[in-house]
Amino acid sequence: MNKISQPLVSVIILNYNAGKLLFDCFESIVKTDYDNFEIIIVDNASEDKSHRKCKEKFENIRLIETGKNLGYCEGNNVGIQNAKGAFIVILNPDTTVNPDWLSKLICAYDKYGEALYQPKHLSSNEKSVFWRWSSTKWCCELQSIKKWSI
């Protein structure tokens, strides 16, 4: 799929003093094999200046500085309101992604249509530990990664 046929995806990252985690997140995103995406960082008045350091290293980032801590929901809404993409992805700054992450999400959309899509969550310490949300708590299960692939 070339950039012309790929819909634009807006990747929004809300930052508040994330430090090195933010850099690791960006390092993984820029390796994405999907070409048509924008990265928007919304900074909730970080004192560690990690958002500005990321902007210096990754010039294509759209940086929005809120000037105060708006909280999680309102901060992400600022990013959504400024997004240009046909699709919105919200990532936490402690997230790292595989190069094919966006391609797989768009492929799932093409196959199944409109929905909320969530990728698998693997522990950053043990790649074989799968995290999923349960109605009462976070559950940790040892699973085969292939079993949980899209």
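The largest nonpolar core of this predicted model has 23 residues. Those with the most contacts inside this core are V9, V11, I13, F26, I29, L91 and W101. Two or more residues come from each of β1 (9-15), α1, β2, β4 (87-91) and α4 (101-112). Helix α1 gives the most, with five residues. Apart from this core lies another one, of six residues, including I12, V42, I64 and V78.

L91 illustrates how the packing is arranged around one residue. Leaving aside its neighbours within four places in sequence, L91 is in contact with V11, I12, I13 and L14, as well as with C25, I29, V97 and W101.

**Overall architecture**

The chain contains four helices and seven strands. Read from the N terminus, the order of these elements is β-α-β-α-β-α-β-α-β-β-β. Of its 150 residues, 35% count as buried. Among contacts between residues at least 6 apart in sequence, 63% join residues that are at least 24 apart. The accessible surface comes to about 9500 Å², and carbon and sulfur atoms account for 52% of this area.

**Two threonines in loops**

T32 is placed in the loop between α1 (20-29) and β2 (37-43). Is T32 buried or exposed? With a relative accessibility of 9%, T32 counts as buried, because the limit for that class is under 20%. Beyond its neighbours within four places in sequence, T32 is in contact with F37, P99, W101 and L102. One of these partners, W101, is also among the residues with the most contacts inside the largest nonpolar core, and W101 is in contact with L91 as well.

T66 is located in the loop between β3 (62-65) and α3 (72-82). Which residues does T66 contact, leaving aside its neighbours within four places in sequence? They are V42, D43, N44 and A45. From C-alpha to C-alpha, T66 and A45 are 6.4 Å apart in space, although 21 residues apart in sequence. V42, another of the contacts of T66, belongs to the six-residue core.

The side chain of T66 also takes part in polar contacts with backbone oxygens. A polar atom of this side chain lies 2.9 Å from the backbone oxygen of D43. The side chain of T66 further reaches the backbone oxygen of K68, at 2.5 Å.

**Salt bridges**

Side chains of opposite charge can pair when their charged atoms come close. The structure holds five salt bridges, and the table describes three of them by their closest N and O atoms.

| Salt bridge | Closest N and O atoms |
|---|---|
| D24 and K20 | 2.8 Å |
| R52 and E65 | 2.9 Å |
| K104 and D100 | 3.4 Å |

The pair of D24 and K20 lies within one element. Because these two residues are four residues apart in helix α1, they are separated by about one helical turn. D24 is partly exposed, having a relative accessible area of 30%, whereas K20 is exposed at 59%.

The salt bridge of R52 with E65 joins separate elements. R52 lies in helix α2 (residues 50-57) and E65 in strand β3, so the pair ties together parts that are 13 residues apart in sequence. R52 is partly exposed, with a relative accessible area of 40%, and E65 also counts as partly exposed, at 43% relative accessibility.

In the pair of K104 and D100, K104 counts as partly exposed, with a relative accessibility of 35%. Its partner D100 is likewise partly exposed, at 27%.

**A nonpolar patch on the surface**

Which residues form a nonpolar patch on the surface? The patch consists of Y72, I80, I88 and I90, which together have about 340 Å² of accessible area. At least two residues of this patch are supplied by each of α3 and β4. I88 is found in strand β4 and is partly exposed, with a relative accessible area of 40%. Strand β4 therefore has a part in both settings, because this element gives two or more residues to the largest core and at least two to the surface patch, where I88 is partly exposed.

Definitions and conventions. Residues numbered from 1 in each chain as written. Predicted model: local features only at pLDDT ≥ 70, side-chain atom pairs only at ≥ 80, totals over all residues. Heavy atoms only, no water. Contact = heavy atoms within 4.5 Å. Polar contact = N/O pair within 3.5 Å; in protein donor to acceptor, adjacent residues only side chain to side chain. Buried < 20%, exposed > 50% of the residue type's maximum accessible area, 1.4 Å probe, protein only. Areas by Shrake-Rupley, 256 points an atom, 1.4 Å probe, with all protein chains shown as cover. Core = buried A, V, L, I, M, F, W, Y, C linked by side-chain atoms within 4.5 Å. Salt bridge = Lys/Arg side-chain N within 4 Å of Asp/Glu carboxyl O. Patch = residues over 30% accessible without salt bridge, like charges linked within 9 Å, V, L, I, M, F, W, Y side chains within 5 Å.
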